[in-house]
Amino acid sequence: MLRDKAAPSSGGFARDGLSEFQIGNLIAAIYSWQMIRSHSPRRFSPMRANLVAFLIYAAVVIGCGLGIYLTLQAGKSLVPPRAPAMSATPTATSATGGGDWWQGTYEALRQPLPLLLIQLILIVTMARLFGAHSARVGQPAVIGEMIAGIVLGPSVAGALAPGVFQFVFPAESMGALRMLSQVGVILFMFVVGMELDLKKMRGQARTAILVSHVSIVLPYFLGTFFSLFIYESFSARGINFSSFALFMGVAMSMTAFPVLARILEERGMTKSHLGSMALTCAAVADVTAWTILVFVVAVVKARNPANCLLTIGLLAVFVGAMLFMIKPLLRRLPVAKMGVSSEPTQNMVVAVLVVAFGAGLLTEVIGIHVLFGAFLAGMVMPRESDFQLRVRERLESFSAAFLLPLFFAFTGLRTQIGLVSDWASVSVCLGLVLVATIGKLGGSMLTARWSGMDWHDSFALGALMNTRGLVELIVLNIGFDLGILSPRVFTMMVVMALVTTCMTGPLLSLGSFLRGQSRP
């Protein structure tokens, strides 16, 4: 055993006043520190970490931005397909009753109101059944509702029972169904805006902004680049390459914040660090993607630079008025100071609906889209009390259960799986799924890893950010209404939205399994 005594003065270390015991302890400490350093993840100082994050962010944004510009320049020489675009809705066919006694009943059921009631009963019932079954197999209910819409459309019902399909969904009845579905989507986007709370990103702003923006710009670039290969054969007639490519980039970049939040809630991950980070990233990505979509819609609708600049200028005035005039005014209203035990009054619900529909009307008149106005109206709603929770419960109880299934059904009526029957279409559809997954899941995962998260959390975050769901369908319908997407590309993108959303649950389960296997 070493004794703690001073070595002779002639000893090398003794001249510095160190004993053999102290020297041994010093060597052991240095060795232990080196072992810990070699086995622990490298940690940077906050200043260095911010610098690394900024450099990664700048490199990705500049690189993808340059790639998008070069893609648009390369696509100017491409020629759109000359074949006429196919009809988006099924055509009506004649139908007659089986005898004179049936003719009166048949004609009565063919009237607009009875026909609309039949459609509503069928759509809502099918949506609830498919949604419940989807929940039993571990998928979000929205997946089942999306599939129910496709089943009711020409892809399934129209193929199996064309006579019944043409009777229940004749072409002349699509107008009323479309308007009701749009009301449901307006309320849905208003609620999404209410649920977004950007204040929650404090303390994790660097990672959230980095991951969310890379998960936007990377799939956006990949979407525009992929457009080079499908524009001439699959785009809609009369649409220039820039409009088509820019919209395809937006469609690839979307993340379904409500579906993501529901998945986290069902798995008990909302309060976890990963869940909080995913919600923050999705919130930032939603705002960014919808802002980009606004500019793309302005470019497509304006047709010339002067009108485009005017539209953007009016939009900037509208956003400023909502943030700096309407938002402070709403905070002063008595309804915004509702207590926890209070229930929303009719006046409160009416006031909320007037703001949501009024904001949507203004953005539609400006030349953007009604949904952006409803989304922004939700973001400026008061947040100081129980106001949001009560209003959201009132609106969701009707819109989510009744109006949104109409939107799924209307989307299903536009989706024609038969258009994706040849090998070329199937290959493009698979390519869209692959590009969307690489851009969203891969980009989010690698960026999260570079930001300091471990591989398992990074993979889970990427899987969550790859969720598209209902928000993607809303964007695709905007593109279809603007004439940007052909029926075939629309169908492929709907399939992509379904596949990438269905992947989320199994990928999270796979990540949890791998995490358990990696533990000693």
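**The nonpolar cores and helices of a predicted model**

In the largest nonpolar core, which has 123 residues, the members that touch the most others are Phe190, Trp290, Leu461, Ile474 and Leu485. Helix H12 (residues 273-302) supplies the largest share of this core, namely 16 residues. A second core, separate from it, has 19 residues, among them Tyr106, Leu152, Phe165 and Leu187. The structure described here is a predicted model.

Trp290 may be considered in detail. When residues up to four places away in sequence are not counted, Trp290 touches Met189, Met254, Phe372, Val471, Ile474, Val475 and Ile478. One of these, Ile474, is also listed with Trp290 among the core members that touch the most others.

Attention now turns to helix H10, which spans residues 241-253. From its first C-alpha to its last, this helix of 13 residues reaches 18 Å, close to the 18 Å expected at 1.5 Å a residue. H10 is mostly covered, with 12 of its 13 residues buried. The buried residues include Phe241, Ala245, Leu246 and Gly249.

These four residues of H10 reappear in the surroundings of Thr224, a residue of helix H9 (residues 205-234). Apart from neighbours within four places in sequence, Thr224 is in contact with Phe241, Ala245, Leu246 and Gly249, and also with Ile68 and Thr71. Thr224 counts as buried because its relative accessibility is 0%, and the cut-off for a buried residue is under 20%.

Finally, the surface also carries nonpolar residues. Leu51, Phe54 and Leu55 form a nonpolar patch there, and together they have about 320 Å² of accessible area. Of this patch, Leu55 lies in helix H2 (residues 46-75).

Methods:
Residues are numbered from 1 along each chain as its sequence is written. This is a predicted model: local features need pLDDT of at least 70, side-chain atom pairs count only at pLDDT 80 or more; totals for chains, interfaces and linings use all residues. Side-chain values use heavy atoms; hydrogens and water are left out. Patches are made of residues with over 30% relative accessible area and no salt bridge: like charges are joined within 9 Å, nonpolar side chains (Val, Leu, Ile, Met, Phe, Trp, Tyr) within 5 Å. Accessible areas come from the Shrake-Rupley method with a 1.4 Å probe; for residues, only the protein chains shown count as cover. A salt bridge is a side-chain nitrogen of Lys or Arg within 4 Å of a carboxyl oxygen of Asp or Glu. Helices (H or I, at least four residues) and strands (E, at least two) are DSSP runs, numbered from the N terminus. A nonpolar core is a set of buried Ala, Val, Leu, Ile, Met, Phe, Trp, Tyr and Cys residues joined through side-chain atoms within 4.5 Å. Buried means under 20% relative accessible area, exposed over 50%, partly exposed in between (1.4 Å probe, protein chains only). Contact means heavy atoms within 4.5 Å. The expected span of a helix is 1.5 Å times one less than its number of residues.
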